[in-house]
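User: I would like to learn how to read the surroundings of a bound ligand in a model. Could you take me through the general ideas and then the case shown here?

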Amino acid sequence: MDSKLVASTVKVDVEGLKQAFKNLYGVDPLLVRSPGRINIIGEHTDYNEGFVMPAAIDKAIYIGISKREDDQVHLFAKDYEQTHTVALSALAPCEKGWPNYILGVADQLQKRGYILGGFNLYIDGDVPLGAGLSSSAAVECATAYALDQLFSLSVAQLDLALIAQKAEHVFAGVSCGIMDQFASVFGKKDHAILLDCRSMEYEYLPLDLGDYKLLLLNTNVKHSLSDSAYNERRSQCEQGVAWVKEKFPEVNSLRDVTLAMLEECVEPKDNNVFVKCRFVVAEIERLGRAADFLKQGKLDALGKLMLETHDGLSKDYEVSCSELDFLVDRVRDLDAVLGARMMGGGFGGCTINIVKTAYIDELIKTVSAGYLQEFGLKLDAYVVETASGTSQIIEF
Ligand code: GLA
């Protein structure tokens, strides 16, 4: 990979990061940036071999990295003002949490036979944590790319994303799909990515929103059941596939399943599993229509599908929460809003909204006031632009 970004085009204080690194470790770092992501539509479809439509955003994780003489790994996280030290030969998940996204990647690289040496790493960024914008995937992808560059590993771009995903499974305990890591690595400015999570083929779709912009409303909550419920949904989907497979052995994932198959093989066995699988089958089909609408510039029709997705995630898949539902309900009938829905794994984080640019300030003001009154919580709002994927930052 030779994607490089010139330091002066980066939003965070790269010079400050470099100086802080030098103060801490006494040498100059190699600098890497990896973005957070949004997802226009296609939720909980990635681990069912369906399609997703994410985009990388202009909020990113930044890493400074340098080699060490010994086999130690020294980490520093600016957000937590914490250090962590471990030997390369003793990588294991730790209680602190944040080092796992880095160590998990180093561990995966070693397991695949790549030879690493000790390294110093400093991490900073402006992806809000716990907001469903995949800050963890961004950390993993930044680490994978930084280690690849530092030790000249020549890891293929897709493998960087797959290694990052596996690190999340093993060191963070979340059986996530590939969407977040893929979007972070493969993002392209002004485009969404239409990714087939079965073949891993992808297409960049121009994201031309005209008078509209993407507005994220952050609930500022992350309910504690999010990780366990995510893994549970994944098992429910697998259970549904197993039951369909008894009658239709050629079926390998919900991508291959029709509503009629679910009604025949799953509904009589377990209504809850049936409803969960029905959502996924509908969402995969909905994404196909959404991609066509985006290509034709029919944002209005795309927005309506986003609302359908929200209702499915909330009522059928049951991964929403009262805060997310409130934010979508507040805007769904406004003329200035084409579409709105909860985004990502669920149980907190952000809603994604397509809002007329001229109306954004007013919307934020009104919805924030209502949100504060209802939940006693502050709402954060971000107008996001799309951005390019994981890259090295070079200076002149
Ligand atoms: C999380 C996971 C992704 C994806 C989404 C839901 O963000 O990390 O792999 O499954 O939830 O679409």
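Analyst: A polar contact is a pair of N or O atoms within 3.5 Å; within protein, one atom must be able to donate a hydrogen and the other to accept it, and residues adjacent in sequence count only if both atoms are side-chain atoms. This is a predicted model, in which local features need pLDDT of at least 70, side-chain atom pairs count only at pLDDT 80 or more, and totals for chains, interfaces and linings use all residues. Residues are numbered from 1 along each chain as its sequence is written, and side-chain values use heavy atoms, with hydrogens and water left out.

User: What lies 2.9 Å from a backbone N or O atom of Gly177?

Analyst: An oxygen atom of the ligand lies there; a ligand oxygen is also 2.6 Å from a polar side-chain atom of Asp180, and one is 2.7 Å from a side-chain N or O atom of Glu43. On its own the ligand has 310 Å² of accessible area, of which the protein covers 92% (Shrake-Rupley method, 1.4 Å probe).

User: Why does the ligand lie between domain 1 and domain 2?

Analyst: Domain bounds come from an automatic or database domain assignment. Here domain 1 (4-207 + 387-394) and domain 2 (212-384) both give residues to the shell around the ligand, so the ligand lies between them.

User: Cys176 is among the residues surrounding the ligand; how many disulfides are there?

Analyst: A disulfide is a covalent bond between the sulfur atoms of two cysteines, assigned here when the sulfur atoms are within 2.5 Å. The count comes to 0 disulfides: the closest cysteine sulfur to that of Cys176 is in Cys141, at 9.8 Å, too far for a bond.
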